[in-house]
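Here is a protein chain to explore, with its sequence and its fold side by side. Take a moment to turn it around before reading on.

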Amino acid sequence: MFLSLTLRYNDPMQNTIRPTHVEVNLDHLCANLKAIKAKTAPAKVMIIIKANAYGHGMEAVAHHLAPHADYIGVAVLEEGILLRKKGIQTPILVLGGIWEEQIPEFIKYNLTLTASSVERLQQIDRAAEMLEKKAIVHLKFDTGMERIGVHYYTAHTLQEAALGCKHLITEGIYSHFANSDAENLDHARLQLERFNEVLDFYPKHSLPYPALRHIANSGAILQLPEATFDMVRPGIMLYGVYPSDEVQRTVNLTPALSWKSKVVYFKVTQPNHPVSYGSIWQSDENTRVVTIPVGYGDGYFRTMSNKAKVIIRGIKVPQVGRICMDQMVANLGANGSGYNGDEVILIGKQENERITAEDLAHWAGTIPYEILTNINTRVPRVYIKTDA
Ligand SMILES: Cc1ncc(COP(=O)(O)O)c(C=O)c1O
């Protein structure tokens with residue numbers, strides 16, 4: 001039996017009774033985190049909840065998962081501040097690059113900074129000195145992503161600079177994989193080798209390692225147990241989605257998110273009466289079509305036009321014609337069944353049929369990450385918890 005509760009987080013659109021909504025199963029999130037822990041213990045876990053928790057709603061996910069997590073990872077300062085303002089006390093690392101003028105805010109809200117260059121590190125140290133505080137930093141190294149971070153081959157410059165900074169606590173040291181979810185793990189293994197070389201600096205100088213060494217995202221958690229170190233950083237896995245089709249599914253995951261709507265209009269359309277903008281689809285017989293009040297303005301990508309499927313009355317039926325900003329049409333068929341008010345599954349399960357975020361990614365020519373993070377905030381999030 002399910003107890004359904006709508007948590008209204010920071011958006012007036014959440015107060016509507018729009019039949020189009022996202023359902024997030026909090027128990028599935030917890031079960032996924034538990035499965036990750038079982039695979040990576042005794043390592044700590046940083047839950048990655050940036051980009052509105054991959055579309056699942058950052059505040060609710062934080063409140064639900066933070067008590068079971070060691071660290072939270074977000075992308076930008078504002079996400080960290082929002083979590084602090086909502087009462088989240090768990091340590092938070094902002095994974096992205098920073099600007100000097102942001103540094104006092106990091107310190108004020110007790111957010112851990114990514115120090116990705118010597119210049120940034122020294123700016124953080126100076127700001128902390130002025131505020132008479134200690135700033136917590138994680139040093140970021142580039143082992144093969146060519147994004148932010150000091151190259152592995154000049155890593156000692158940042159490591160030595162950190163030793164000279166008196167107003168910092170160098171709590172962590174990290175890097176990020178480019179291809180850990182691939183079938184061919186050569187590049188990931190090379191990155192791991194480089195990360196280990198960076199870490200060798202400490203024993204070579206008879207120094208202890210920073211307390212938190214971390215590099216493993218979902219792909220590495222699933223495929224590279226030797227990359228576990230002191231902490232892992234699962235993102236997409238938490239939400240019950242595998243990072244790629246190729247990845248080895250060494251942890252059992254359950255999708256947490258369903259996306260639902262309701263039929264808002266039923267009609268029979270005739271041959272030579274094209275459906276929707278651009279007239280790119282028409283039936284060659286009288287057929288029953290339904291309008292669904294969801295479109296690319298909600299994050300249901302227009303590129304899926306004429307490719308996507310939805311579930312109505314337990315049957316997968318094709319979406320037809322161009323997906324509009326706020327509406328789209330599905331074809332029930334000449335003898336298909338369905339009518340106004342019927343539940344429509346865009347992502348999720350109904351009777352024996354299921355549509356996954358991966359399915360939408362295939363139809364849209366993208367990855368499930370992009371599908372999930374693009375579900376617009378005007379789609380209300382409803383949180384489901386098993387009634388104990
Ligand atoms: C630095 C960093 N760590 C961890 C993650 C989580 O990755 P995933 O969702 O593939 O587990 C991300 C996501 O992009 C990231 O940028």
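What follows is a walk through some strands, helices and loops of this chain. Keep in mind that this is a predicted model.

Let's start with a strand. S2 covers residues 21-25, and it is mostly covered up: five of its five residues are buried. How does that work out on its two faces? In a regular strand the side chains alternate between the two faces of the sheet. In S2, one side carries His21, Glu23 and Asn25, the other side carries Val22 and Val24, and all of these are buried, so both faces are covered. S2 also has partners. Strand S12 (residues 257-262) is joined to S2 by four bridges, and these two strands run antiparallel. If you want to spot this pairing, look for Val24, whose bridge partner in S12 is Leu257. Strand S20 (residues 381-386) pairs with S2 as well, again over four bridges, but in the parallel sense. Here you can look for Glu23, which has Val382 as its bridge partner in S20.

Move along the chain and you meet helix H1, residues 26-40, with Thr40 in it. Is Thr40 buried or exposed? Its relative accessibility is 4%, and buried means under 20%, so Thr40 counts as buried. What does Thr40 touch, if we leave aside its neighbours within four places in sequence? The contacts are Val45, Ile221, Thr228 and Val232. A little further on there is a cis peptide bond, between Ala41 and Pro42, with omega at about 5°. Pro42 sits in the loop that links H1 to strand S3 (44-48).

Next comes a residue with an eye-catching backbone angle. Ala53, in helix H2, has a positive phi, near 50°, even though Ala53 is a residue other than glycine. With a relative accessibility of 0%, Ala53 counts as buried. Compare that with Pro67, in the loop between H3 and S4. Pro67 has 61% relative accessibility, so this one counts as exposed. Now find Thr90: Pro67 and Thr90 are 23 residues apart in sequence, yet their C-alpha atoms are 7.9 Å apart in space.

On to helix H4, residues 77-85. Which of its residues are buried? They are Leu77, Glu79, Gly80, Ile81, Leu83 and Arg84. And what do these buried residues pack against? Their surroundings include three helices you can pick out as H2 (50-54), H3 (58-65) and H5 (103-108), along with strands S4 (71-74) and S5 (92-94). Just after H4 comes Gly87, with a positive phi of about 90°.

Now for some helix pairs. Two packed helices are described by the angle between their axes and the distance between the axes. Take H6 (residues 118-131) and H7 (residues 155-164): their axes come within 9 Å and cross at roughly 15°. Angles under 35 degrees count as roughly parallel, and therefore H6 and H7 are roughly parallel to each other. Their crossing is right-handed. Where do they touch? Val118, Leu121 and Gln122 of H6 meet Thr157, Leu158, Ala161 and Ala162 of H7. Sorted by type, the residues of this contact are five nonpolar, two polar and no charged.

H7 has another partner, helix H8 (residues 186-204). The axes of H7 and H8 come within 10 Å and cross at roughly 40°, and H7 and H8 are therefore oblique to each other. This crossing is right-handed. From H7, the contact uses Ala155, His156, Gln159, Glu160 and Leu163, while H8 supplies Val198, Phe201 and Tyr202. Here the residues divide into five nonpolar, two polar and one charged.

To finish, look at two loop residues. Glu146 lies in the loop between strand S7 (135-142) and S8. Its phi is positive, about 55°, although Glu146 is not a glycine. Glu146 has a relative accessible area of 58%, so it is exposed. Tyr153 lies in the loop between strand S8 (150-151) and H7, and with a relative accessible area of 52%, Tyr153 is exposed too. Remember Thr228, one of the contacts of Thr40? Tyr153 and Thr228 are 75 residues apart along the chain, and their C-alpha atoms are separated by 22 Å.

Methods
Residues are numbered from 1 along each chain as its sequence is written. This is a predicted model: local features need pLDDT of at least 70, side-chain atom pairs count only at pLDDT 80 or more; totals for chains, interfaces and linings use all residues. Side-chain values use heavy atoms; hydrogens and water are left out. Buried means under 20% relative accessible area, exposed over 50%, partly exposed in between (1.4 Å probe, protein chains only). Contact means heavy atoms within 4.5 Å. Axes are lines fitted to C-alpha atoms, for helices over the stretch in contact, and angles run from 0 to 180 degrees between N-to-C directions. Angles under 35 degrees count as roughly parallel, over 145 as roughly antiparallel, 65 to 115 as roughly perpendicular and the rest as oblique. A crossing is left-handed if the near helix is turned anticlockwise from the far one by less than a right angle, and right-handed if clockwise. Ala, Val, Leu, Ile, Met, Phe, Trp, Tyr, Cys and Pro count as nonpolar, Asp, Glu, Lys and Arg as charged, and the others, Gly among them, as polar. Two strands pair if DSSP finds at least two bridges between them.
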